[in-house]
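Subject: Structure handover

Hello,

Here is the structure I said I would pass on. Please open it first, then read my notes below.

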Amino acid sequence: MIRKYYKIRFQLTSPLSVGCGKNQVTDSDMILDSRGLPYVPGTSLAGVYRRIFSEQTAETYFGTNLTEERIRTSSEEGRNVLTESRIAVYDALMASPKNYALTKRDMVALDEYKVALPGAKFDFQILEPGVEFVTYIEQTMETAEEQYIADEIAYAWQQGNIRLGAKTGKGFGAAKSAEIAQCSFDLGDKKDLERWLSFDMYKEDQWSVIDAPVCLSREKKGEARERLKEVYEKRGIHLREDHLVRIRIRLKQAGGISVRQYTTDVGEADYMQMRRKDGVPVIPGTSWAGAFRAQMGKLNPDFAAGTAMSELFFGKKKGKKAEESSRTRITFSESELKNEKWITYTRNAIDRFTGGTVDGALYTEKTCYGGTAQLVILCDFGGLEEEKIEKFGKTLAGAVLDLHNGFLAVGGLTSVGHGLFRVTEVTAGQEIISFQEEDDKERYQKLWSAIAGGAKAC
C-alpha cells in the first residue's frame with residue numbers, strides 16, 4: 001500500500017463566498033472555524049476535485065455520489081451500494097490569520113429596464129482577495145499508477161483552474177497556486193513505513209517542493225502522453241470532458257461608473273463606486289454577467305431570459321430538485337479599474353413642473369473616470385453541438401461590439417452616460433483582435449470565429 005500527500009499553498013485572487021447557513025451579520029454569513037477565522041471546508045474542496053474527472057472516475061476514487069435512490073436502496077433494501085473515498089481532502093486554513101478582511105456585498109435582481117425586482121435584494125459576506133491558504137490531499141493507493149488522481153488535482157491548482165465557494169461563475173473564488181509540495185511512502189517498505197509513522201504534515205521540513213506534477217493534462221503530445229494515456233485507460237482514470245475557451249477583453253473607460261457601494265460614514269459620499277478593502281475599485285462579475293446576458297437576449301431572441309439556449313449557457317435557477325437546476329457554462333471575472341481618477345459630485349432630482357429641486361432628493365456620489373480594466377470570460381463548451389457553439393459565439397461577439405460602441409453599459413446611471421467602455425483588444429483562444437485598426441465587420445467575423453474555433457481546437 002502507498003500513501004501519497006500533497007501540500008498546496010494558494011492565494012485568493014478574487015473574493016471568496018462560502019456560506020455557513022447563518023444570517024446574523026448578512027443574509028449569508030461566511031463560514032468560520034473554531035478560532036473565528038474564515039476557512040474552506042474539505043467537503044467543498046472535494047466537490048471541486050470531483051469535477052476534474054468523469055463521473056465514473058469520481059465515483060471510483062472519491063466514493064459514491066449520495067443520490068436519494070442510492071440512500072434508499074442502502075437503507076430500505078439492505079444493499080450497501082455506497083463506497084468510501086480513497087482521497088482524503090483537508091480543510092483549507094489561512095496561512096497568515098493576521099491579514100484578512102471580511103466585507104459585505106449587496107446584490108439585487110433587475111428587470112430588462114434595470115428596475116429592482118421585489119424581494120430580490122440580499123447581501124452576503126465575502127473574504128477579500130490576497131489571503132493565503134494551505135490545504136492537503138492524502139491518497140491511499142494499491143499501485144503507484146493511481147497517483148495520477150492526486151497529480152491531476154495538483155496540476156489543476158497550479159494552472160489556476162480551481163474555483164472555490166459560491167458564485168464561481170460570477171468571478172468569485174478564483175485562486176492561484178503559490179507552492180506545491182509532495183511526499184510519498186511505500187508502506188510495504190520497512191524504511192518508508194518508519195518514515196510514515198513519524199511523518200508530521202504540519203512541519204515544513206517534511207515536504208519536497210515540486211515544479212509541476214506529471215499528468216496527462218500537462219503532456220500535450222509526444223511519447224510521454226501516449227504512455228500516460230495507456231496508464232490512465234488501464235487504471236480507469238478519465239478526465240471530465242470540457243472545451244474551455246478563454247476570452248480576454250481589455251477596456252478603457254468612456255465615462256463614469258456606478259456599481260454602487262452604499263456608505264453611512266460621516267464625511268463620505270452617499271454612494272460610492274464599489275471598491276475592495278484595499279481601495280481598488282472593481283466591477284463584479286455579477287454586473288458583467290447580467291449586462292451581457294441581457295444584451296445577448298436583445299441581439300438574439302434564442303438567448304432571451306427563460307429560453308432553453310439561455311439556460312443552457314448561463315445556467316438555470318435552482319429548484320427543489322437537483323434536475324431542475326443547472327450550472328452556468330460562462331464565467332465572468334471581476335474587473336479591477338486601474339489608473340482611474342476619483343471624482344465626487346452632487347446630484348438632485350428636479351420637479352418637471354416647477355423646475356425646483358425635489359425634497360430629499362439631494363445626494364453625493366463618488367465615482368471614477370478614465371480607468372482601464374480587463375474582463376475575462378471563460379466558456380465551457382464541453383459536450384455541445386457545433387451549431388449551438390457557433391450561435392453562442394456570434395451572439396457573444398455582437399455583445400462585445402455593442403460594449404465597444406456604447407450600446408452595452410454596465411452598472412447604474414447608464415441613461416446619463418455611466419458604465420460605458422471602449423474595447424482596445426480582445427484575445428479569444430489563440431486569436432488576438434485589435435480594435436485600433438479593423439472595422440466592425442472584420443472584428444465581428446474574427447471574434448465569433450475565434451470563439452467557436454477555439455472550442456474545436458481544444
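Start at Thr331, which sits in strand β13, residues 330-332. This is a predicted model, so keep that in mind throughout. Thr331 has a relative accessibility of 12%, so it counts as buried. The cut-off for buried is under 20%. Setting aside neighbours within four places in sequence, Thr331 is in contact with Arg163, Thr168, Gly169 and Gly171. It also contacts Val376, Ile377 and Leu378.

Go to Val376 next. This residue belongs to strand β17, which covers residues 372-380. Val376 is buried too, because its relative accessibility is 15%. Leaving out residues up to four places away in sequence, Val376 touches Thr331, Phe332 and Ser333. Arg246, Ile247 and Arg248 are touched by Val376 as well. One distance here deserves a look. Val376 and Glu365 are 11 residues apart along the chain, and their C-alpha atoms are separated by 28 Å.

**The chain as a whole**

Now step back. The chain has 10 helices and 19 strands. Its C-alpha atoms fill a box of roughly 90 × 50 × 50 Å along the principal axes. What does the radius of gyration say about a chain of 458 residues? A compact globule with that many residues would come out near 23 Å, and the chain has 25 Å, so the two agree.

Of the 458 residues, 43% count as buried. Contacts reach across the sequence. Take those between residues at least 6 apart: 71% of them join residues at least 24 apart. The exposed area of the chain is about 24300 Å², and carbon and sulfur atoms supply 47% of that. On charge, there are 64 positive and 66 negative side chains. The centres of these two sets lie 2 Å apart.

**Helix α4 and what follows**

Is helix α4 enclosed or open to the outside? Helix α4 spans residues 148-158, and 10 of its 11 residues are buried, so it is largely enclosed by the rest of the structure. The buried stretch begins with Tyr148, Ile149, Ala150, Asp151 and Glu152. Ile153, Ala154, Tyr155, Ala156 and Trp157 are also buried. Note that Asp151 and Glu152 are among these buried residues, and that Asp and Glu count as negative.

After α4 comes Gly160, with a positive phi near 75°. Further on is Lys167, in the loop between α4 and β7 (175-186). Phi of Lys167 is positive as well, near 60°, and Lys167 is not a glycine. Lys167 has a relative accessible area of 27%, so it is partly exposed.

Asn339 is another residue to check. It has a positive phi of about 60° without being a glycine. You will find Asn339 in the loop between β14 (335-336) and β15 (341-347). Its relative accessibility is 64%, so Asn339 counts as exposed.

**Glu138 and its partners**

Which residues make side-chain polar contacts with Glu138? Arg3 is one, at 3.0 Å from side chain to side chain. Tyr5 is another, where the side chains are joined by a polar contact of 3.3 Å. Glu138 lies in strand β6, residues 132-141. With 12% relative accessibility, Glu138 counts as buried because the cut-off is under 20%.

Not counting residues up to four places away in sequence, Glu138 touches Arg3, Lys4 and Tyr5. Arg86, Ile87, Ala88 and Tyr90 complete that list.

**Met201**

Last stop: Met201. This residue lies in the loop between α5 (190-197) and β8 (208-209). Is Met201 buried or exposed? Its relative accessibility is 8%, so Met201 counts as buried. Beyond residues up to four places away in sequence, Met201 touches Tyr5, Tyr90, Tyr136 and Trp207. Tyr5 and Tyr90 are also in the list of residues that Glu138 touches. Met201 and Tyr136 are 65 residues apart along the chain, and their C-alpha atoms are separated by 8.5 Å.

That is the tour. The structure is yours now.

Best wishes

Key: Residues numbered from 1 in each chain as written. Predicted model: local features only at pLDDT ≥ 70, side-chain atom pairs only at ≥ 80, totals over all residues. Heavy atoms only, no water. Buried < 20%, exposed > 50% of the residue type's maximum accessible area, 1.4 Å probe, protein only. Helix = DSSP H or I, 4+ residues; strand = E, 2+ residues; numbered from the N terminus. Polar contact = N/O pair within 3.5 Å; in protein donor to acceptor, adjacent residues only side chain to side chain. Contact = heavy atoms within 4.5 Å. Rg over C-alpha atoms; globule rule 2.2 N^0.38 Å. Areas by Shrake-Rupley, 256 points an atom, 1.4 Å probe, with all protein chains shown as cover. Charge placed at Lys NZ, Arg CZ, Asp CG, Glu CD.
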